[in-house]
Amino acid sequence: MNPRNRSFWKEMLPIFGIGLGFIGISILAFSSYTHIGEIQDHTGWANHSHQVRFELEQTIFLISAAHAATRGYAIAGNDEFLASYESARRELPEKISELALLVADNPAQTQSISMLKLDVDHIMALQEHTISLRRNGNTAVPALTYFAEGNGQVSALDSMRVLVTQMQDLEAELMAQREQRITLDTRHTKSLLIFGTAGVYLVFGMTFLILGREVRQRKTADRALIEANDALQLHTDQLEQANKDLEGFSYSISHDLRIPLRAVAGYANILSEDYEEKLDSNGKRLLGVIGENSKRMGILIDELLAFSKSGRQALSRTDIDMHAMVENTLAELPQHESSSSTQVVVEELPQAYGDHALLKQVWMNLLSNAFKYSSKAKAPNIRVSGTRNDDEVIYAVRDNGVGFDMQYYNKLFGVFQRLHSIEEFPGTGVGLAIVQRIVIRHGGRVWAEGTINQGATFYFALPNRE
Amino acid sequence: MVEFKHVDILLAEDSPSDAEMTIRALRKRGLANNLIWVKDGREALDFLQQTGEFSNRSSEIPKLILLDIKMPRVDGTEVLRYIMSDEKLCAVPVVMLTSSAEDRDIIESYKLGANSYIVKPVDPEDFDRAVSEVGLYWMLVNKSSI
């Protein structure tokens, strides 16, 4: 697993934790809700059973009442008994159909109801016939005899009682089964609530631990970042200070180094002027050497300052007509006038975007080098060209002079690095270092190709304007 | 007490060798007869304000002031600032003679009102030429308001 993946999983972990916790809570809520529903159902079922049993009791009561009334009428012939019989008779079918509705969901009970209905019909028929015997016979005996023997109808009452008891037992058993199931469910739900809640607590706890660790880590990282920034700021301040010191240093060089140098050159000159007749030719030569070297040192100081300046000066970029700049530079070059034998070709050059003064310095150095190092060629030839591509403009200065050995390429752009002796070609070895510095400050690059005695080409590339 | 003769040129220069070469170059053109050399800005101010060593000097104003920029105690730009703030002195041509070719010095000097800014060349011949040309121009060619 690569570090990016690891950090991805590390970041996702608390989110997973919180998600898991919410899923747990949802499961707990759902199962509680379902269980409450079950209990509600159970209460409904209990009421239902109760009602079934009540209705059965009622049926037994009504049929018994009708039976008692029938017997009473058979004995006494009193119409009062008849009224209570009639009322029971009216209510019974209603009760039966209510019962049938109540147990419609249970096939066994429904079958029992239809048997019950059969029994009720038999008993009712017996009662009806008994009453009509009494009413038409005017005596109690035949009616009572019929009522007592009644073609086996009497056993229907017993069978009905047995049936009702059976039905009530069945309801009770169903009820007990439901109760048992609900008790078991309650136990399960309780366990689920206890363990589920514990699980959710655990998940949330761990998530908070992870988040806490994350926050601590982040705080530590923030602190480290602040410290790093402070260190960087300190470093920048130090660099700025160093830069300022360097500026002061170069100012001092420009001022303080020149005074004694001027004195050396000046007093050697005074000596040669004022004591001309007292000096022999060797004495004059020696003074000449002092003068020459002072001059060289003066140039070295100037170049060193120019190099330091090329790094410090702020860039002010504009669009530059490089062709015109090269022509102007050529016109200003002393070598250009003196060596008319040198053939210079300037091709069409693309525009550049950069600091006018600094880029002019680049051309100045590259072109004067080209003149200098091709001056000893038979037919000196300098060619300036340029191309533009997607990212940059590339300029090239080619000469057919002494060239250089690619072996020493790494010394080419170094400060005070020279690949030729001063006697051969004068110079301080700062020119190309300045070129490189200016181009790099523009975000560009410099490079060169050369072959000994076959010439050299110096390239510099500047980024296109964005 | 020193007797003070008539002064045409005030030269403030802390380097004795530079001063000697400057005076020599001016002398070649016959311009150094009435020249006074002071070694720093403080002495230059004393001369101009007739204080200190120069308290007995007449209030005569020089025709040309040559100031080195980098001097101990009081530097050239400060002397220049005083000259330009003085009603009588501000008309005197002031030439900054210095070793420094730093842009900030040049800009500062011209801003303060220097008439010329000469970077003293290392080459003795160039030095002679630069100093004598400045002396000739401001002493003889230029028509002063004084």
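In this predicted model, helix α9 of chain A passes helix α10 of chain A in a left-handed crossing. The first of these helices, α9(A), spans residues 356-374, and its partner α10(A) spans residues 431-441. Their axes come within 9 Å and cross at roughly 145°. On the α9(A) side, the residues that meet the partner helix are A:Leu358, A:Gln361, A:Val362, A:Asn365, A:Leu366 and A:Asn369. Facing them from α10(A) are A:Gly431, A:Leu432, A:Ile434, A:Val435, A:Ile438 and A:Val439. Sorted by class, this contact holds eight nonpolar and four polar residues, with no charged residues at all.

A second helix pair in chain A invites a similar description. Helix α3(A), residues 107-137, packs against helix α4(A), residues 140-149, at an angle of about 170°, and the two axes lie 8 Å apart. Angles over 145 degrees count as roughly antiparallel, and α3(A) and α4(A) are therefore roughly antiparallel to each other. From α3(A), the contact draws on A:His129, A:Thr130, A:Leu133, A:Arg134 and A:Gly137. From α4(A), it draws on A:Ala140, A:Pro142, A:Ala143, A:Tyr146 and A:Phe147. Here the residues divide into six nonpolar, three polar and one charged.

Within this pair, A:Tyr146 is worth a closer look. This tyrosine sits in helix α4 of chain A. Once neighbours within four places in sequence are set aside, A:Tyr146 is in contact with A:His129, A:Thr130 and A:Leu133, three residues that also appear on the α3(A) side of the helix contact. A:Gln127 is 19 residues away from A:Tyr146 in sequence, and the C-alpha atoms of the two are 9.5 Å apart in space. Around A:Tyr146 there are 19 other C-beta atoms within 10 Å. A residue counts as buried at 20 or more such atoms and as exposed at 12 or fewer, so A:Tyr146 is classed as partly exposed.

Attention can now turn to the meeting of the two chains. In chain A, 16 residues are in contact with 15 residues of chain B. The elements giving two or more residues to the chain A side are α5(A), residues 153-274, and α6(A), residues 281-312. Of these helices, α5(A) supplies the largest share of that side, with 13 residues. By class, the residues that chain A brings to its contact with chain B comprise seven nonpolar, six polar and three charged.

Key: Residues are numbered from 1 along each chain as its sequence is written. Chains are lettered from A and ligands numbered from 1 in the order in which they are written. This is a predicted model: local features need pLDDT of at least 70, side-chain atom pairs count only at pLDDT 80 or more; totals for chains, interfaces and linings use all residues. Axes are lines fitted to C-alpha atoms, for helices over the stretch in contact, and angles run from 0 to 180 degrees between N-to-C directions. Helices (H or I, at least four residues) and strands (E, at least two) are DSSP runs, numbered from the N terminus. Angles under 35 degrees count as roughly parallel, over 145 as roughly antiparallel, 65 to 115 as roughly perpendicular and the rest as oblique. Two residues are in contact if their C-beta atoms, placed from the backbone, lie within 7 Å. Ala, Val, Leu, Ile, Met, Phe, Trp, Tyr, Cys and Pro count as nonpolar, Asp, Glu, Lys and Arg as charged, and the others, Gly among them, as polar. A crossing is left-handed if the near helix is turned anticlockwise from the far one by less than a right angle, and right-handed if clockwise.
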